[in-house]
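Hi,

Here's the structure I promised to pass along. Have a look, and then read on for what turned up in it.

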Amino acid sequence: VAANNLANEGVTEGVHVVGDVMYDSVLFNVALAEERSDVIGRLGLDAGDFYLATVHRAENTDDAWRLGEILEAFSKVDRDIVLPLHPRTRHTLGEGVEKIGGRVRVIDPVSYLDILVLDKHARMVLTDSGGVQKEAYWLDTPCVTLRDETEWVELVDAGVNKVVGANSDAILSAVAAFERGGDSAGDSVERNIYGDGHSADRIVKILADSYV
């Protein structure tokens, strides 16, 4: 997609499609995460039987209506939702943190390895994070994006990401749609949208061939 956008602007020389170095990182770190993180046991979770949610973008945390709609949707979901609460979100909510209803489990922010394990073993992800959207795809977890748009339009086209904004009904509708379709992205989804996990190797080779 990025290469096509450049081509549409007349930029074709020196363009190399190598994949995404973030995928390299996820492949390397998820093995470490499974070995070192005890977050599933620590939180008393059953793998595949909880949702992971993250909410931190200013467009959501600084808008009382949007944040209220998101939390209202969370409170109506009939499954545990693990919500590592970003400092910005906690500051906005203040004492309202205690009033979050439903089966939402508010926890302190967790490490990168912990979040990878939670992402991998969640039944679904609800997030406004750009990075978590892609991690969910790589870890075969359906994603509901709590934004009005996404940079990763290819994931929407692949059917693994639903962009719903902050409307409570739209969030619940997307959750229900994924539940009807099963708890994973399925075997029909293209698995190499962002390369094969060797993007860094290709980048180094291109630079070496060009400048050494």
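Below are my notes on the salt bridges and on a nonpolar patch at the surface.

One thing to keep in mind: this is a predicted model.

Salt bridges first. The structure has 16 of them, and I'll go through three. In general, side chains of opposite charge can pair up when their charged atoms come close.

Take glutamate 34 and lysine 120: their side chains meet in a salt bridge, with 2.9 Å from N to O. Glutamate 34 sits in helix α2 (residues 21-36) and lysine 120 in helix α7 (residues 112-121), so this pair ties together parts that lie 86 residues apart in sequence. As for exposure, glutamate 34 is partly exposed at 34% relative accessibility, and lysine 120 is partly exposed too, with a relative accessible area of 34%.

Next up is glutamate 179 with arginine 79, a salt bridge whose closest N and O atoms are 3.6 Å apart. This one links distant parts of the chain, 100 residues apart: glutamate 179 belongs to helix α10 (residues 168-181), while arginine 79 is in the loop between α5 (64-76) and β2 (80-84). Is arginine 79 buried or exposed? With a relative accessibility of 17%, arginine 79 counts as buried, because the cut-off for that is under 20%. Glutamate 179, on the other hand, is partly exposed, with a relative accessible area of 24%.

The third pair is aspartate 108 and arginine 90, where the closest N and O atoms of the salt bridge are 3.5 Å apart. Here aspartate 108 lies in the loop between β3 (104-107) and α7, and arginine 90 in helix α6 (residues 87-93), 18 residues apart. Aspartate 108 counts as exposed at 53% relative accessibility, whereas arginine 90 is partly exposed at 32%.

There's also a network: Asp49, Arg79, Arg123 and Glu179 are joined into one by salt bridges that share partners.

Now for the nonpolar side of things. Val21, Ile203, Leu207 and Tyr211 make a nonpolar surface patch of about 420 Å². Which helix gives the most to the nonpolar patch? That would be helix α11 (residues 199-211), with 3 residues. Leucine 207 is found in helix α11 and is partly exposed, with a relative accessible area of 46%. Patch residues need over 30% relative accessible area, so leucine 207 clears that cut-off at 46%.

Cheers

Note on methods
Residues numbered from 1 in each chain as written. Predicted model: local features only at pLDDT ≥ 70, side-chain atom pairs only at ≥ 80, totals over all residues. Heavy atoms only, no water. Patch = residues over 30% accessible without salt bridge, like charges linked within 9 Å, V, L, I, M, F, W, Y side chains within 5 Å. Areas by Shrake-Rupley, 256 points an atom, 1.4 Å probe, with all protein chains shown as cover. Salt bridge = Lys/Arg side-chain N within 4 Å of Asp/Glu carboxyl O. Helix = DSSP H or I, 4+ residues; strand = E, 2+ residues; numbered from the N terminus. Buried < 20%, exposed > 50% of the residue type's maximum accessible area, 1.4 Å probe, protein only.
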